[in-house]
Structures are given as structure tokens and as C-alpha cells.
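Trainee: I'm new to this one. Could you walk me through how to read it?

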Amino acid sequence: MVGGEGVQDRVIAIGGLESAYMRKFVLYLNNRLGKQARIGIVENPDQIKKWDSETIWIGSEAFIQQVRSRLEDPRCIILSEEVSQEECVICRYQSCERIFQKIMFLHQGGGNGNFSDAGNRQKWIAVTGDCTVSQLLAFSVTMAHLLAGRERVLYLNLSECSGMGELFLMEPGPDLSDFVLELRCDEKVSTDAFVRRLEQIDCILPPENPMILHEIREDDVEKLMRTVRSQEQYGTVVIALGCLCCGSEFFFQQASAVYHLTREGESFSESRRAWMRLIGKCLKQQKVSVTQVSLPVIAAESEGIHLIYEWAESSLGRLAGKYLNGEEAAK
């Protein structure tokens with residue numbers, strides 16, 4: 001087997017496809033899953049029986065037939081050259097990201113066992129404010145991007161009509177509403193099937209239907225937070241709260257820092273004070289740093305992921321970096 005080393009939760013084996021394709025896919029999965037999985041290529045079918053019983057097998061139809069002939073009830077996914085309605089068959093002629101999402105959806109929690117709580121090590125940053133949804137998105141994504149240069153970051157955005165997927169030219173796929181619905185069915189769900197890659201950032205897209213945010217319940221928020229805290233690969237979670245759903249106070253209480261974004265002008269001062277009173281009530285005397293951030297003018301001349309770099313190198317990025325560096329220094 002060729003692949004990652006170390007202590008991992010999953011074993012994913014790939015075989016029966018062109019060598020260049022398999023190596024490219026292994027590199028992609030290693031980048032996406034990191035230390036969560038041991039991923040490799042099966043070069044000799046005779047070694048199949050030596051592998052872990054929890055292995056997820058991925059490959060050509062002929063390879064999967066070999067696996068099934070040697071093992072009892074293996075978990076298999078066929079990468080086919082044709083589109084199929086069979087649940088275990090995925091068309092290989094699409095992006096690695098789409099294939100990854102379908103694999104994780106079919107095998108959520110595979111080999112994960114019980115989640116451990118990483119809450120003591122994982123840091124949460126909440127970003128909200130009396131600004132526009134676009135300004136909230138720009139600042140919070142830029143902050144997540146800067147943090148991702150230091151550690152693995154998960155980005156969540158609870159905003160109505162943020163246009164995040166379209167702005168960054170991301171392919172449609174599972175979003176926060178799908179994640180919440182899956183948690184209602186089974187609390188022991190991995191984030192992997194719902195996480196998208198935005199350059200260095202892992203993210204779960206906001207709901208396509210913004211009305212879903214108003215249907216989220218307190219127990220949904222508790223399950224979401226418990227599940228995300230259990231994902232030990234994430235050093236920091238950045239959550240943009242453009243919409244305060246039922247249970248949003250738990251996000252503020254979990255945060256090590258809260259950034260409240262404001263716009264210039266006296267006409268917004270009452271809104272700003274109302275927000276600060278609300279955040280104070282949510283925190284319930286907890287000692288959490290709440291920082292008011294006066295936003296600069298935010299430009300958007302680039303497209304897709306290039307926009308993130310434009311923001312990071314602008315006055316917006318310098319401002320976000322200043323607060324992050326101050327927080328780091330205060331530790």
C-alpha cells in the first residue's frame with residue numbers, strides 16, 4: 001500500500017484504475033482528510049485480506065469484484081466511466097471535490113467510532129454586526145483565510161442570501177441545511193460529507209434557502225456545536241452570524257472572541273448599541289472578548305478564490321490581521 005502514515009481513524013484503499021489517476025486522487029484525499037485517514041493504492045490484490053475490516057474500498061468494477069470475492073460484506077464504491085443510479089457507483093468524470101463529497105456521504109462516520117470532544121483545544125471566533133451581509137462575509141472569510149495559514153480552519157456562515165457559493169465560483173452541493181437535517185437523523189455525523197474546500201479554508205456553505213435559518217432549533221445548534229467540537233483536525237472555527245437563529249447564544253458563549261462589525265455614521269449608533277446589549281445578554285456574564293471593528297471600504301475587483309487574496313492584501317486584510325495578531329499576543 002502507498003499512502004499516509006500515522007494514527008488515523010479511517011482506512012481508504014483505491015485500486016484498479018490508471019496509476020496517474022489513483023495517485024492524483026490519493027494526494028487530493030490526503031490533503032482533504034489529513035491525519036484522519038490512511039489512504040493508499042492497492043497494487044497487489046492478493047494483499048486485500050490483510051487490510052482492516054473497516055476499510056472503504058474505492059476503484060474500478062473489476063477491482064471491487066476482487067475485493068468482494070475475498071472479504072465478507074466490504075464497504076465499496078465503484079468509480080465508473082458511466083453515470084449510474086446505483087448508490088455505490090460514482091461517475092469518475094467529475095471534480096475530485098464532488099467525488100469526495102459523495103464518498104463521505106455514503107460512508108459518514110465510517111471508522112470514526114464515537115467522537116471525542118476536542119472542545120478544550122478548539123477555538124471559536126464569532127463575527128457579527130450591524131453591517132451588510134457582504135461586509136460580514138468579506139471580513140470573516142478574510143480572517144479565516146489568515147488563520148488557515150497557521151492551522152486548519154472550519155468556516156461557517158449563518159447569513160441570509162450571502163451569495164457565498166456564487167461569489168467564489170463554488171460548485172453546488174450539500175450546505176448547512178443538509179448538515180442540520182442529517183444531525184436530526186443521527187447525531188454521530190462526520191462533517192466530511194458537507195465540508196467544501198475554499199483555497200486553504202474548510203467551509204460549510206450557508207443554506208441555499210435562507211428560510212431554513214429561521215427553522216433551526218436550539219437542539220440543532222447544540223448538536224451542530226457538539227459535532228464540530230469533536231472534529232479534532234480543526235484548531236479554529238470561524239462563524240459568521242448574519243442571522244441569529246434560535247440557539248445563537250450558544251455560539252457566542254462558545255467563542256473565545258467576538259467581533260462586532262460596524263459601519264461609519266451616527267445613524268447606525270443605536271443599532272450598534274442594541275447589538276452590544278444583545279451580545280451581552282447572550283454571554284451571560286462570561287468573560288469573552290467583544291471587539292467593535294469599524295470596517296474600511298471593501299473592494300471586489302477579482303473573481304473566485306482570487307478575491308480572497310485581494311481582500312487579504314488590502315486594508316481589510318491588514319485590519320483583520322491586526323486583531324488576530326493582538327489576540328495571539330494576548331494568549
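Mentor: Let's go through the chain, then a helix, then a single residue. This is a predicted model, where local features need pLDDT of at least 70, side-chain atom pairs count only at pLDDT 80 or more, and totals for chains, interfaces and linings use all residues. Residues are numbered from 1 along each chain as its sequence is written, and side-chain values use heavy atoms, with hydrogens and water left out.

Trainee: How many helices and strands are there in the chain?

Mentor: Helices (H or I, at least four residues) and strands (E, at least two) are DSSP runs, numbered from the N terminus. Here the chain has 11 helices and 13 strands.

Trainee: What percentage of the residues is buried?

Mentor: Buried means under 20% relative accessible area, exposed over 50%, partly exposed in between (1.4 Å probe, protein chains only). Of the 331 residues in this chain, 52% are buried.

Trainee: Which residues of α7 are buried, then?

Mentor: They are Asp220, Val221, Lys223, Leu224, Met225, Thr227, Val228 and Arg229. Their cover includes β7 (123-129), β8 (153-158), α6 (176-185), β11 (236-241) and α8 (249-254).

Trainee: And why does Glu97 count as buried?

Mentor: Glu97 counts as buried because its relative accessibility is 12%. You'll find Glu97 in helix α3 (residues 96-106).

Trainee: Which residues is Glu97 in contact with, leaving aside neighbours within four places in sequence?

Mentor: Contact means heavy atoms within 4.5 Å. For Glu97, those partners are Tyr28, Arg32, Val195, Arg196 and Arg197. Also, the C-alpha atoms of Glu97 and Glu171 are 9.0 Å apart, though 74 residues separate the two along the chain.
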